[in-house]
Protein chains: 2
Amino acid sequence: MPRTGRPRSFDDDQVVQGALEIFWRRGFAATSLRDLKHELGVLPGSLYAAYGDKHALFLRALERYADAAREQATEIAAEGPVLPRVRELLLSVLEAAQATPGRGCMLGNTAAELLPEDHVAGRLVRGGFAALETGLESALDAAQRSGEVGPDIDCAAHARLLLTLMQGLHVVARAEADPRRLADAIDAALAPLAVQHESGPSGPRATPSALI
Amino acid sequence: MPRTGRPRSFDDDQVVQGALEIFWRRGFAATSLRDLKHELGVLPGSLYAAYGDKHALFLRALERYADAAREQATEIAAEGPVLPRVRELLLSVLEAAQATPGRGCMLGNTAAELLPEDHVAGRLVRGGFAALETGLESALDAAQRSGEVGPDIDCAAHARLLLTLMQGLHVVARAEADPRRLADAIDAALAPLAVQHESGPSGPRATPSALI
DNA sequence: ACACTTCTTGAACGAGATGTCAAAAAGTTG
DNA sequence: CAACTTTTTGACATCTCGTTCAAGAAGTGT
């Protein structure tokens, strides 16, 4: 007996990815189904049959974004020096702000637009933030064990600081004509993490291990 | 000859203030004229006669918010210890996130929602950010002169860092059940500014002025 | 080839959005 | 009081939104 019908004419992954890019750029409310139809080539009827409604499709896209963030978060704690990689991550926010202005981070955008009303989106945003935070924390922990990061650093607190700084960069960079101006703020946040505080004009500083 | 007509039945300041609160909470697009009518008691016709259109009223409200931010920015560099006041400012973001969830900072919200498309709003947001940044910078400068902040601190870079951190707090706090969890991130950012680095488990540290 | 199932298509709907307008209302000035 | 000006009022035009639906198209399995 025939149990299968006409197959989908579009690829699920492609549609979710395309929806992700549109929602990322325009946000949830400002993205209309006409936009999705125009940019994805899928008519509203098919979208509703496949995903339910606009909000459900948005959640699919946000989930994919959060997964990508999770993946990126695990890469921070890889082998080798950690601080340059964290610095690169934060600088990439500024480069992205210049290369593709007005996009920011979809987790932060969603937090600003839909939280705390939207509980399902809230769960996804929380998950993405938590993944970034724990990724940063374990990276700092490893760097502390290897001596790259000073022993008196609270890695958990600094992981939260770096996550918050990253979200702030996404916001502030939108208002900057040249987002690279924020690079020294990144360095100001990272400098205290390194063991060797370079000496200022007051001359070389005694090492912490000196008894006197 | 009669040159004046019927006077306004509403107070301009009150309407702009009310619009500010609604736009602040809901954003530009999600606020409808029906909302404004319902919460301000002013019908769309009067609003259009008085302000032009919804966007113009939004700009009036945003301008007022930016003015308030400017005023707050000048208060940071007042007499007395600066760092506790900066800490209090950042902590107040977390308290506001708990007391009135889903509001954030209207400058950051506008940056996320309308920039870089809206150039007029962009000018206001840039102005507000710049005021906060210069307020923080001059406060850190004064604290550095008074010895409260270490001499090898780049005050301009740290002012940018603190502004960015503040905006990040507004975003991340939306996703936190208990925003106070972010307080240690604030302390992690502020600790390196103070002159006296409290000693870790490795014992007391030599003062920078020691010759040996 | 046929029966059956699922998907696509495009129009249509109700709701709600912004913005407009003519008439009535309410002041002010001589 | 009367002339004049401006504001208020509430209905209305127009548009776009998310969503639904019936009919036709396109597959699959026996």
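The largest share of the surface near DNA strand D, four residues, is supplied by α3(B). In this predicted model, 27 residues lie around DNA strand D, and those that come nearest are A:R6, A:G45, B:G5, B:R6 and B:G45. At least two residues of this surface are supplied by each of α2 (33-40) and α3 (44-51) of chain A and α3 (44-51) of chain B. Sorted by class, the surface near DNA strand D holds 11 nonpolar, eight polar and eight charged residues.

DNA strand C is surrounded by 28 residues, of which A:G5, A:R6, A:G45, B:R6 and B:G45 are the closest. For this strand the largest share, four residues, comes from α3(A). Contributions of at least two residues each are made by α3 of chain A and by α2 (33-40) and α3 of chain B. The surface near DNA strand C is made up of 12 nonpolar, eight polar and eight charged residues.

The arrangement of the two protein chains was examined next. Chain B is superposed on chain A by a rotation of 180 degrees with 0.0 Å of shift along the axis, at an RMSD of 0.0 Å. The two copies are therefore related as by a two-fold rotation axis. The residue of chain B that comes closest to the rotation axis is B:G168, whose C-alpha lies at 1.8 Å. Both copies use the same surface, since 100% of the contact residues of chain B recur in chain A.

The contact between the chains involves 47 residues from chain B and 48 residues from chain A. On chain B, the helices α6 (106-114), α7 (119-145), α8 (155-174) and α9 (183-190) each provide at least two residues of the side that touches chain A. Of the elements of chain B, α8(B) gives the most to this side, with 13 residues. The side of chain B that touches chain A comprises 27 nonpolar, 11 polar and nine charged residues.

Helix α8(B) is mostly covered, with 18 of its 20 residues buried. At 1.5 Å a residue, a span of 28 Å is expected for α8(B), and its end C-alpha atoms are 29 Å apart, which agrees. In chain A, helix α8 (residues 155-174) is the place of A:G168. A:G168 counts as buried because 28 C-beta neighbours lie inside 10 Å, the cut-off for a buried residue being 20 or more. Apart from neighbours within four places in sequence, A:G168 is in contact with B:T164, B:L165, B:Q167 and B:G168. A:G168 and A:Y48 are separated by 120 residues in sequence and by 35 Å in space, C-alpha to C-alpha.

The largest nonpolar core contains 125 residues, and A:L62, A:L136, A:L169, B:L62 and B:L169 touch the most other members. When residues up to four places away in sequence are not counted, B:L169 touches A:T164, B:L90, B:V93, B:L94 and B:L182.

B:L62 is among the buried residues of α4(B), which are B:L57, B:F58, B:L59, B:A61, B:L62, B:Y65, B:A66, B:A73 and B:I76. The buried residues of this helix pack against α1 (12-26), α3, α5 (83-99), α6 and α7 of chain B. Helix α4 (residues 54-76) of chain B has 23 residues, which should span 33 Å at 1.5 Å a residue; the end C-alpha atoms are 34 Å apart, in agreement with that value.

In chain A, helix α7 (residues 119-145) consists of 27 residues and reaches 38 Å from its first C-alpha to its last, close to the 39 Å expected at 1.5 Å a residue. Just after α7(A), a positive phi of about 90 degrees is taken by A:G147.

A further site of contact between the chains involves a loop residue, B:A29. This residue lies between α1 and α2 of chain B. B:A29 counts as partly exposed, because 14 C-beta neighbours lie inside 10 Å. With neighbours within four places in sequence left aside, B:A29 is in contact with A:A29, A:A30 and B:E113. B:A29 and B:E133 are 104 residues apart in sequence, and their C-alpha atoms are 28 Å apart in space.

Notes:
Residues are numbered from 1 along each chain as its sequence is written. Chains are lettered from A and ligands numbered from 1 in the order in which they are written. This is a predicted model: local features need pLDDT of at least 70, side-chain atom pairs count only at pLDDT 80 or more; totals for chains, interfaces and linings use all residues. Two residues are in contact if their C-beta atoms, placed from the backbone, lie within 7 Å. Ala, Val, Leu, Ile, Met, Phe, Trp, Tyr, Cys and Pro count as nonpolar, Asp, Glu, Lys and Arg as charged, and the others, Gly among them, as polar. A residue is near a molecule or strand if its C-beta atom, placed from the backbone, lies within 6 Å of it. The expected span of a helix is 1.5 Å times one less than its number of residues. A residue is buried if 20 or more other C-beta atoms lie within 10 Å of its own, exposed if 12 or fewer, and partly exposed in between; C-beta atoms are placed from the backbone. Copies are superposed by least squares on the C-alpha atoms of residues with pLDDT of at least 70 in both. A nonpolar core is a set of buried Ala, Val, Leu, Ile, Met, Phe, Trp, Tyr and Cys residues joined through C-beta atoms within 7 Å.
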